[in-house]
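I am opening a notebook on this structure and will put down what I look up, entry by entry. The sequence and the model come before the notes.

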Amino acid sequence: MLKETPSQTAGPYVHIGLTPNFAEITGIFPEDAGKTLVNDKTPGERIVIEGRIIDGQGGVIKDAVVEIWQADHLGLYNSPYEPRGHADSNFTGWGRCATDMQTGEYRFETIKPGRVPFADGRIQAPHANLWIVARGINIGLQTRLYFSDEAEANAEDPVLSRIEHRARADTLIARRAGDAYTFDIYLQGENETVFFDI
Amino acid sequence: MKTIPQSNQAPETGTFFTRDRNWHPPAFAPGYKSTVFRAPQKPLIAFPNTLSETTGPAFGHDMLGLLDHDLIHNFARAGESAIGERIIVHGKVLDERGKPVPNALVEIWQANAGGRYRHKKEGYIAPLDPNFGGCGRVITDADGHYAFRTIRPGPYPWPNGPNDWRPAHIHLSIFGTGFVQRLITQLYFEGDPLIPRCPILNTIADEKAVAQLVAHLDMDNSEPMDSLAYRFDIVLRGRRSTPFENRMEGN
Ligand SMILES: [Fe+2]
């Protein structure tokens, strides 16, 4: 077996590579990859996911990039490795957003995902998968976002129930206000978000 | 919310080999000061791969512009080109089983020949090159091969220790077929004396892992009177072999 190429930090200038238009390097790519997940025809409930990433000193991180990967409204992933059928072609399922250089906010306009089975056949609660890179992060952080208005599904979710301390599982629940869910990610401290080794 | 009916033989196959986290740099590595307040402190939580992990976005070659792979020209004024040593950086994207990964999106970014990035937050005194943007992207071919044209970036100083310098490097972002293969790394150049002095590289414990990040001069693929070539292969996590995976290959 070969060894996986070691990870290295994305560094402070990650935007040049991942979101060059955001970094005001225009004219190379017409649009930053992952800028939109939905279009006018995407079925499903329109939602916004937004939040900030907070470091161990309580500071908001303004140089990170967040990627999201989620199923469509029926729970299908827009991927050749989705064996259960074809996801809706008007939903990419993948997005990328740099945290704002002033406010530190990231934001995705998307749809509420459907449910996806767990390894043993149980059905997971609706969730989105997040990956976070930045200066000072040596290997991309993997986490999941669940939805506060899915309490019943969350209660039986196989991943959430693996987390021994209930309070820690709560770090994965995005809070709904109107059509927007807020999901703040804490890298350290009492409220440290659960990150996965998956 | 409608759910997809699931057969009792639902394929939860083609899961990924467990990541060897001792091969990667640890999250907390105080020699690289920025990790101190950004490294998670609680243990990571593991669970078996589901479709959320084994699937990932796919990218089509039609997303690429003609010069996306050519950093010498993709930001340059017509008839001009970026300043610096012209190089080709190429290699294969493989998985841990040595299988090529076709259709993998590889994005790169780098400083210019003077070690200066085109970024608002960058304050190094070396000048910008008006003909160099610093980013490019390619998608691997059917054999997993990729190639960029660029200039060799310069080393640069950075605020960490009192006099720390980054070796010349190119940042790379790679997509595999599953979202948990997602990887960002950096490529270094064979023979660079700054390599053993780099606090970021030194967050990696195993010197064989460091060696895996060094691109090698590849005279056979250089272009006489034009560009030197450097070879850099990238290894992504491999999938466990399953009947389901074989079916995928037939698609
Ligand atoms: Fe860099």
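Is A:D120 buried, partly exposed or exposed? I note before answering that this is a predicted model. I find A:D120 partly exposed, because its relative accessible area is 48%, and a residue counts as exposed only when that area is over 50%.

**Entry: the partner of A:D120.** I looked next at the contacts of this side chain, and A:D120 meets A:R122 in a salt bridge, with 2.9 Å from N to O. I put A:R122 down as partly exposed too, since its relative accessible area is 42%.

**Entry: a pair between the chains.** I then followed A:E67, which forms a salt bridge with B:R182, and the closest N and O atoms of the two are 2.7 Å apart. This pair crosses between chains: A:E67 belongs to strand 3 (residues 65–70) of chain A, whereas B:R182 sits in the loop between strand 8 (169–174) and strand 9 (183–189) of chain B. I checked the cover on each side, and A:E67 is buried, with a relative accessible area of 0%, while B:R182 also counts as buried because its relative accessibility is 3%.

**Entry: another crossing pair.** I found a salt bridge between the side chains of A:R144 and B:E53, at 3.0 Å from N to O. Here the contact runs from strand 7 (residues 141–147) of chain A, which holds A:R144, to helix 1 (residues 51–54) of chain B, which holds B:E53. I record A:R144 as buried, given a relative accessible area of 1%, and B:E53 as buried, with a relative accessible area of 1%.

**Entry: salt bridges as a whole.** How many salt bridges does a search of the whole structure find? I noted 28 over all chains. In chain A, I also noted a network of salt bridges that links A:E45, A:K112, A:D149, A:E150, A:R176 and A:D179.

**Entry: the iron ion.** Which protein donors does the iron ion have? I listed the OH atoms of B:Y117 and B:Y156 together with the NE2 atoms of B:H169 and B:H171, and these donors lie 1.9 to 2.3 Å from the ion. Along the chain, the donors follow the spacing Y-x38-Y-x12-H-x1-H. I looked at the cover of the two histidines, and both B:H169 and B:H171 are buried. Why is the arrangement of the four donor atoms irregular? The angles they subtend around the iron ion run from 93 to 163°, and four donors count as tetrahedral only if all angles lie between 85 and 135 degrees, or as square planar if opposite donors are over 155 degrees apart and all others between 65 and 115.

**Entry: a surface patch on chain B.** I found that B:L217, B:M219 and B:L228 form a nonpolar patch on the surface, and together they have about 260 Å² of accessible area. I placed B:M219 in the loop between strand 10 (214–217) and strand 11 (228–231) of chain B.

**Entry: chain A overall.** I counted three helices and eleven strands in chain A, and from the N terminus on these elements run α-β-β-β-β-β-β-β-α-α-β-β-β-β. The C-alpha atoms of chain A fill a box of roughly 50 × 45 × 40 Å along the principal axes. I compared the radius of gyration, 17 Å, with the value near 16 Å that a compact globule of 198 residues would have, and the two agree. Buried residues make up 63% of the 198 residues in this chain.

How values were computed. Residues numbered from 1 in each chain as written. Chains lettered and ligands numbered in written order. Predicted model: local features only at pLDDT ≥ 70, side-chain atom pairs only at ≥ 80, totals over all residues. Heavy atoms only, no water. Donors = N, O, S within 2.8 Å, 3.2 Å for Na, K, Ca; no water. Tetrahedral: all angles 85-135°; square planar, octahedral: opposite > 155°, others 65-115°. Buried < 20%, exposed > 50% of the residue type's maximum accessible area, 1.4 Å probe, protein only. Salt bridge = Lys/Arg side-chain N within 4 Å of Asp/Glu carboxyl O. Helix = DSSP H or I, 4+ residues; strand = E, 2+ residues; numbered from the N terminus. Patch = residues over 30% accessible without salt bridge, like charges linked within 9 Å, V, L, I, M, F, W, Y side chains within 5 Å. Areas by Shrake-Rupley, 256 points an atom, 1.4 Å probe, with all protein chains shown as cover. Rg over C-alpha atoms; globule rule 2.2 N^0.38 Å.
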